[in-house]
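Subject: Handing over the structure

Hello,

Please find the structure below, ready for you to open on your side. What was found in it follows underneath, grouped by topic.

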Amino acid sequence: MGRAVRAGGAGLLSALAALGGGELAAGAFRPQSSPVVVVGGTVIDLTPTPVKEFAVRTFGTSDKPVLIGTIIAVLLGLALLLGLLAGTGRRVPAAAGVAGLGVLGAVATATRPASAPLDTVPSLLAALVGALTLLVLTRPASPAGGRRAFLLIGAGTVAAIAAGRLPASRAPSAKLVLPRPASPARPLPAGADLRIPGLSAFVTPAAEFYRVDTALVVPRPDLDGWTLRVHGTRTIELTMADVLRRGPIERDITLTCVSNEIGGPYVGNARWLGVPLATILREAGIPAGADQLLSRSADGWTGGTPVDIVMDGRDAMLAIGMNGLPLPAEHGFPARLVVPGLYGYVSATKWVVSLKLTRYADERAYWTERGWAVDAPIKTMSRIDVPAPLRRLRAGAVQVAGVAWAQHRGVAGVEVRVDGGPWHEAVLAAVPSPDTWRQWTWTWQATPGSHTLEVRATDVAGHTQQSSRVTPFPDGATGWHSVVVTVV
Ligand SMILES: Nc1nc2c(c(=O)[nH]1)N[C@H]1C(S)=C(S)[C@@H](COP(=O)(O)O)O[C@H]1N2
Ligand SMILES: [Mo]
């Protein structure tokens, strides 16, 4: 029994030491090359879309920590078994098994879209450290020496993991000084923000802006080394200085994720500063027949945007600023795409490093390859922010309020009803353009009892949100948001 515990412990510790070695090596040069991060990224890319949707729905923005936790748990489980194997005298096959897990990480690394050959080093180092640790800890030795080895390796592991994670907290955005917009945003019309407690602010602060991406480690491209390659009829390469010289525009635009559920949080509005994509694409030349703008991020993610939409005169831009500051790392520093009217997966590539004018028939982007729609205009949608679900309210006048969006078409009307009764027109707040969401409010004379509030919006094209509930896959959710409250 004591021997089995020791052997199992040696297995666990060899896995932890391997992780520590991997993290230390990754932290020293590229956080993205951490074995856990690489395996996590591979799992994300290989996971069937319905499972991914389930994970996002169930775990929300904790989906990444949950994934990392699961990978570590599986690894520790396997290491425990290999330790027990070593305890039965089969030390070399067990150590080979531990090394094999590291090699698996290296294979996963080599198949990552944005990996360099050196990125396999942390995984290979982890393989070596793990195997050696298991061999040392299970060698027939004096109990005292064994205990000392356990303690030393344990302490070293903790230190290595801690040291490996440190460099991730660098802030690279300090150096970028934003130019003044050649075309400033219109001042927000009076009353764009109704300032009702509980209602989403018209401008979403960057720190509260939803984040959706496949990056387990936020890419942090170096500003000096960053360039944007644009492949058109010729290939041009722009540095940040080149971008800044091209007459930036400033616009209020609301982003929305296709995975947003009815009433969900994956929508936010910001003031973006950026260079019109049309300017950049014309410089590179648009080849005849090119219908897709394929954008690629520093970590190899891709998005495909219709060229005709980018060129139709809307404020599609290569954005470098968000709410008056450089983009936060989480939102794409140093540059990302913003295209009004399309869900983020086909329009909002963060950490963008290349643009390619191509054809949908020739190349598919990350999510379309996984079954999501090629064309992804944002569906007309509305949400009740106040009262919050399941709130207890006093009878009498209750202010109901929320946001509605139909980017690039514009919201023409919002209606609210109670318990399936007649629809009531809400009062709409002012908006600077059809590219932002629109706040709305309606005063309800609430009577005691349990009540269901429902909302629906109609866009400027005359389309009213349909009642039937459809899940986000493959082109965005439909249905009316409802909130149940108790009035006393
Ligand atoms: N590089 C990269 N860009 C990306 C994504 C991604 O996974 N990787 N996700 C897209 C999706 S699905 C959405 S909805 C928006 C979200 O932008 P935000 O995180 O700044 O809100 O980014 C888009 N840009
Ligand atoms: Mo998204």
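F209 is a good place to begin: this residue is buried, at a relative accessible area of 6%. Buried here means under 20% relative accessible area, exposed means over 50%, and partly exposed is in between (1.4 Å probe, protein chains only). Before going further, please note that this is a predicted model, in which local features need pLDDT of at least 70 and side-chain atom pairs count only at pLDDT 80 or more, while totals for chains, interfaces and linings use all residues; side-chain values use heavy atoms, with hydrogens and water left out. Residues are numbered from 1 along each chain as its sequence is written, and chains are lettered from A and ligands numbered from 1 in the order in which they are written.

The chain as a whole

The protein chain has 11 helices and 19 strands. These are DSSP runs numbered from the N terminus, with helices being H or I of at least four residues and strands E of at least two. Along the principal axes, the C-alpha atoms fill a box of roughly 80 × 65 × 40 Å. Of the 488 residues in the chain, 50% are buried.

Aromatic rings

How many aromatic pairs does the structure hold? There are nine. Rings of Phe, Tyr and Trp (its six-membered ring) pair if their centres lie within 6.5 Å; planes under 30 degrees apart count as stacked, over 60 as edge-to-face, and the rest as tilted. One of the pairs brings us back to F209: its ring and that of W272 have centres 6.0 Å apart and planes at 80°, so they meet edge-to-face. This pair links distant parts of the chain, as F209 is in the loop between α7 (143-165) and β1 (227-231) and W272 is in strand β4 (residues 267-276), 63 residues apart. W272 is buried too, with a relative accessible area of 0%.

Y366 and W367 make another edge-to-face pair, at 4.9 Å centre to centre and 75° between the planes. Both are buried: Y366 has a relative accessible area of 8% and W367 has 15%. They belong to one aromatic cluster with W301, Y345, W372 and F473. Y366 has a charged partner as well, with the charged end of R370 sitting over its ring, 3.7 Å from the centre. For that description, NZ of Lys or CZ of Arg must be within 6 Å of the ring centre and within 35 degrees of the ring normal.

Around ligand 1

Which residues come nearest to ligand 1? Of the 18 residues around it, they are Y210, T214, H331, R336 and K350; a residue counts if one of its heavy atoms lies within 4 Å. By class, this shell has eight nonpolar, five polar and five charged residues. Ala, Val, Leu, Ile, Met, Phe, Trp, Tyr, Cys and Pro count as nonpolar, Asp, Glu, Lys and Arg as charged, and the others, Gly among them, as polar.

Several oxygen-atom distances may interest you. A polar side-chain atom of K350 lies 2.5 Å from an oxygen atom of ligand 1, and a backbone N or O atom of T214 lies 2.9 Å from one. W301, a member of the aromatic cluster, has a side-chain N or O atom 3.3 Å from a ligand oxygen atom. On its own, ligand 1 exposes 530 Å², and the protein buries 99% of that (Shrake-Rupley method with a 1.4 Å probe; for residues, only the protein chains shown count as cover).

Backbone details

Most residues other than glycine have a negative phi, and most peptide bonds are trans. D419 has a positive phi of about 55° although it is not a glycine. This residue lies in the loop between β14 and β15 (424-425) and is partly exposed at 43%. Its side chain makes a polar contact of 2.6 Å with the side chain of H451. A polar contact is a pair of N or O atoms within 3.5 Å; within protein, one must be able to donate a hydrogen and the other to accept it, and residues adjacent in sequence count only if both atoms are side-chain atoms. H451 lies in strand β18 (residues 449-459) and is buried at 9%.

H408 also has a positive phi, near 75°, and it lies in the loop between β13 (396-405) and β14 (411-418). The peptide bond from V386 to P387 is cis, with omega near -5°, and so is the one from F473 to P474, with omega near 5°.

Best wishes
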